[in-house]
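Please report on the fold, the chain arrangement and the internal space of this model. Keep it brisk.

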Number of protein chains: 2
Amino acid sequence: MSAILFDLDGVLYESDRAIDGAADTVNWFRKNHIRHLFLTNTTSKSRSELVTKLAGFGIKAKKEDFLTPPVAAGQWLKKNNINNIALFVPDTTREEFSDFNFVSNEKNHTDAVVIGDLGEQWTFATMNKIFRILINNPQTKLIALGMTRYWKTTSGLQLDVGPMIKALEYASGIDAIVTGKPATEFFQAAISLLGEKDNIVMIGDDIRGDIEASQRAGLKAVQVRTGKFSESDLASGIIPDAILNSVASLPEWWQANISIHI
Amino acid sequence: MSAILFDLDGVLYESDRAIDGAADTVNWFRKNHIRHLFLTNTTSKSRSELVTKLAGFGIKAKKEDFLTPPVAAGQWLKKNNINNIALFVPDTTREEFSDFNFVSNEKNHTDAVVIGDLGEQWTFATMNKIFRILINNPQTKLIALGMTRYWKTTSGLQLDVGPMIKALEYASGIDAIVTGKPATEFFQAAISLLGEKDNIVMIGDDIRGDIEASQRAGLKAVQVRTGKFSESDLASGIIPDAILNSVASLPEWWQANISIHI
């Protein structure tokens, strides 16, 4: 009657290295028939690629076990009967939108503009193109695949999709719909995929995007001391339901705190 | 006992073409000894160049007749005893900051980052460079030369400095100090240059940056149907004190509404 949501990067792996015990933990939940989902903001990998990546760490997963911003965006678009979309996402993410009709000419009618992090592909020309679509179609929905501020590349900190969305919101006067962490709707989409449960627990490394945001959505939240975690995160005033050294300790914590009989 | 503030681009000219009647209108105010200022967010031209540009349209003006964001920014920096600045402005604007010490290496200490509209020079690399200066110097002031959302180029609407500032504020967590429209302080700087008046009227093409913002500062605001104006602007809920087809009708409106005897 309970379920677990796993963040990926920083919880199950860091870059290309698995966190010790990650596979054992996921397999423990599978063996005990506890429902689980992988909840990630990544838009640089499709779900098929994520399946392959986890397999490389000894973690079995199906495509349907992942909830990513593109998947949540697709669900939102369908629920709102939107078919004509302009897509500004990394190539790896395009396949998640194969059911939709792509509008590439900025003068044509568009019902929604979907934006992910384009990384080095961000140019002033692209920003202007998106802006013109929005201003020419005032009813257009602006869908943001997450609102991450920045990330750490090998050459230093780099702006992520969040700042670009802020720029476009301000220029167009259209507020974005965010289908990714930290949006409450993203966690609600996970809850509705899991079905009604007594206890849903999120485990993550990001004190704001994982912990604060999932608690706001009514979930329990477990902070790990891996990934982007820093001890100063605990001075933020956000109080996780538990703090674990890593995902390896989760089964032990689960038995003590969530279900006594598994 | 009244005064007029003229926005430039979209009111007196569009790109390199004068709006019909613009010179006659400005000359009418001059002839009738009505105090006026040119209030522009442009940072692509220095005041000397603006004098020359207006002269080409038959409009006489002195350098002191212009209040621009770089001029207001320079005043703000001096008042706050700031000397080391990182400057991201068009070349033409650099001369307004010749009294300051420029920091060009992002690792060196910077007291303020001054940002104007870079137009086609906006690149993702530049955005990241500015972001890294801000994140490496958390006490740095972020000075925005205006918060204009967009402007009309010959190839279509183009993002202006405002959206870029929003992106940088969100990424860095630092709020900008705005020395340009729509900041109330910018209009107050104009009012203090004009001296006490019964009626100060702003005429502009931007429903937010000119009309809403000047009304907020206690001015009367006249919207023109030229430049970036679109009929949908009137659905914004902002109510200009008058709407004119162009600046050519201003003297007639002025005589009927501001001063009966001129």
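## Strands, copies and a cavity

A two-residue hairpin connects β10(A) to β11(A). Helices (H or I, at least four residues) and strands (E, at least two) are DSSP runs, numbered from the N terminus. This is a predicted model, in which local features need pLDDT of at least 70, side-chain atom pairs count only at pLDDT 80 or more, and totals for chains, interfaces and linings use all residues. Residues are numbered from 1 along each chain as its sequence is written, chains are lettered from A and ligands numbered from 1 in the order in which they are written, and side-chain values use heavy atoms, with hydrogens and water left out.

Two strands pair if DSSP finds at least two bridges between them. Here are two such pairs.

| Strand | Partner | Bridges | Direction |
|---|---|---|---|
| β10(A), residues 150–153 | β11(A), residues 156–159 | four | antiparallel |
| β14(A), residues 220–224 | β15(A) | three | parallel |

In the hairpin pair, T153(A) has G156(A) of β11(A) as its bridge partner.

Chain A also has an open sheet of six strands, with parallel pairing and the order β5-β4-β1-β13-β14-β15. Its edge strands are β5 (66–67) and β15 (242–244) of chain A, each pairing on one side only. Across from Q223(A) stands I243(A), in β15(A).

Two helices of chain A pack on the sheet. Helix α1(A), residues 22–31, touches β1 (2–6) and β4 (35–39) of chain A, and its direction makes about 155° with that of β1(A). Helix α8(A), residues 207–216, touches β13 (199–204) and β14 of chain A, at about 160° to the direction of β14(A). Contact means heavy atoms within 4.5 Å. Axes are lines fitted to C-alpha atoms, for helices over the stretch in contact, and angles run from 0 to 180 degrees between N-to-C directions.

How are the chains related? A turn of 172° and a shift of 0.9 Å along the axis lay chain A on chain B with an RMSD of 1.3 Å. The same surface serves both copies: 100% of the contact residues of chain A recur in chain B. Superposition is by least squares on the C-alpha atoms of residues with pLDDT of at least 70 in both.

The structure holds one cavity of 30 Å³ or more. The largest cavity has about 90 Å³ of space. A cavity is a set of points on a 1 Å grid over the protein atoms alone where a 1.4 Å probe fits but cannot get out; lining residues have an atom within 4 Å of a point. Grid points are joined across faces, edges and corners, and a volume is the space filled by probe spheres set on the points. Lining residues of the largest cavity include W122(A), M164(A), W122(B) and M164(B).

How values were computed
On a 1 Å grid over the protein atoms alone, a cavity is a set of points where a 1.4 Å probe fits but cannot get out, and a pocket is an open set with protein on both sides within 12 Å along at least five of seven lines; lining residues have an atom within 4 Å of a point.
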